[in-house]
Amino acid sequence: MARLFLFLFVAHVALAAAALISCLTPEKTEIRALPRAVWILLILFVPLLGPAAYFWVGRPVRPDARPVVERPRPLAPEDDPEFLRSLEAEQARQDREMFQRWEEDLRRREGDLRRQAGEQESDVRRPAGEQPRGDATPES
């Protein structure tokens with residue numbers, strides 16, 4: 001029985017403290033049903049029922065406590081199909097540009113290798129000690 005009284009006492013003190021803070025915080029005109037002084041007396045002198053009645057009837061209605069109107073959720077970038085298409089198009093453009101640079105580099109390297117191979121081949125066919133001529137036409 002003593003535990004029950006201790007529990008009720010602690011509950012009354014906690015609830016009364018929360019109700020007093022809630023009652024003293026808003027403007028006088030925001031408190032409903034009774035004047036602020038009456039609510040304070042009820043909270044202090046009517047155990048458990050005074051604070052409970054204040055929270056149930058007297059506490060002001062806050063604007064954020066009203067029902068929330070459901071708004072469409074904005075799409076995150078990864079959920080937006082148009083954004084994803086633009087990313088794919090940009091990536092495809094970058095891939096094409098990179099592929100073109102690789103092809104140009106490959107052609108340039110192949111050309112360099114062919115020139116080097118042609119020079120080496122002409123050096124191999126030329127007899128020893130003979131100098132390459134400036135013109136390619138045979139002498140008649």
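Biologist: What makes the pairing of Arg107 with Glu103 a salt bridge?
Modeller: In this predicted model, the closest N and O atoms of Arg107 and Glu103 are 4.0 Å apart; the cut-off is a side-chain nitrogen of Lys or Arg within 4 Å of a carboxyl oxygen of Asp or Glu, so the pair counts, although its value stands at the limit. Both residues lie in helix α4, four residues apart, which is about one turn of the helix.

Biologist: Are Arg107 and Glu103 buried or exposed, and how do you know?
Modeller: Arg107 has a relative accessible area of 54% and is therefore exposed, since exposed means over 50%. Glu103, with 29%, is partly exposed, because that class covers values between 20% and 50%.

Biologist: Why are Glu90 and Arg93 also said to form a salt bridge?
Modeller: Their side chains meet with 2.3 Å from N to O, and the requirement is within 4 Å, so the pair qualifies. Glu90 and Arg93 both lie in helix α4 (residues 81–125), three residues apart, again about one turn of the helix. At 32% relative accessibility Glu90 counts as partly exposed, and Arg93, at 33%, likewise counts as partly exposed.

Biologist: How do you know that Arg109 and Asp105 are separated by about one helical turn?
Modeller: They are four residues apart in helix α4, and the separation therefore comes to about one turn. Their closest N and O atoms are 3.2 Å apart, in a salt bridge, and a network of salt bridges links Asp105, Arg108, Arg109, Asp112 and Arg115. The structure holds eight salt bridges.

Biologist: Turning to the nonpolar residues, which of them make the largest nonpolar core, and what makes it a core?
Modeller: It has seven residues, namely Ala16, Ala19, Cys23, Ile31, Trp39, Ile43 and Tyr54; they are called a core because they are buried residues of the nonpolar kinds, joined through side-chain atoms within 4.5 Å. Helices α1 (2–24) and α2 (36–45) each supply at least two residues of this core, and α1 gives the most, with three. In soluble globular proteins, nonpolar side chains tend to be buried together.

Biologist: Why is the aromatic pair of Trp39 and Tyr54 given its particular geometric name?
Modeller: The ring centres are 5.5 Å apart and the planes stand at 75°; centres within 6.5 Å make a pair and planes over 60 degrees apart make it edge-to-face, so the pair is edge-to-face. Trp39 lies in helix α2 and Tyr54 in helix α3 (residues 49–58), so the pair ties together parts that are 15 residues apart in sequence. Trp39 and Tyr54 are both buried, and ring pairs link them with Phe55 into a cluster.

Biologist: In which class of accessibility do you place Ser22, and why?
Modeller: Ser22 has 18% relative accessibility and therefore counts as buried, the limit being under 20%. Ser22 is found in helix α1 and, leaving aside its neighbours within four places in sequence, is in contact with Tyr54, Phe55 and Arg59.

Biologist: Is Phe7 buried or exposed, and what makes it so?
Modeller: Phe7, which is found in helix α1, counts as exposed because its relative accessibility is 57%, against a cut-off of over 50%. Together with Met1, Leu4, Phe5 and Leu8, Phe7 makes a nonpolar surface patch of about 570 Å².

How values were computed: Residues numbered from 1 in each chain as written. Predicted model: local features only at pLDDT ≥ 70, side-chain atom pairs only at ≥ 80, totals over all residues. Heavy atoms only, no water. Buried < 20%, exposed > 50% of the residue type's maximum accessible area, 1.4 Å probe, protein only. Phe/Tyr/Trp six-rings, centres within 6.5 Å; stacked < 30°, edge-to-face > 60°. Patch = residues over 30% accessible without salt bridge, like charges linked within 9 Å, V, L, I, M, F, W, Y side chains within 5 Å. Areas by Shrake-Rupley, 256 points an atom, 1.4 Å probe, with all protein chains shown as cover. Contact = heavy atoms within 4.5 Å.
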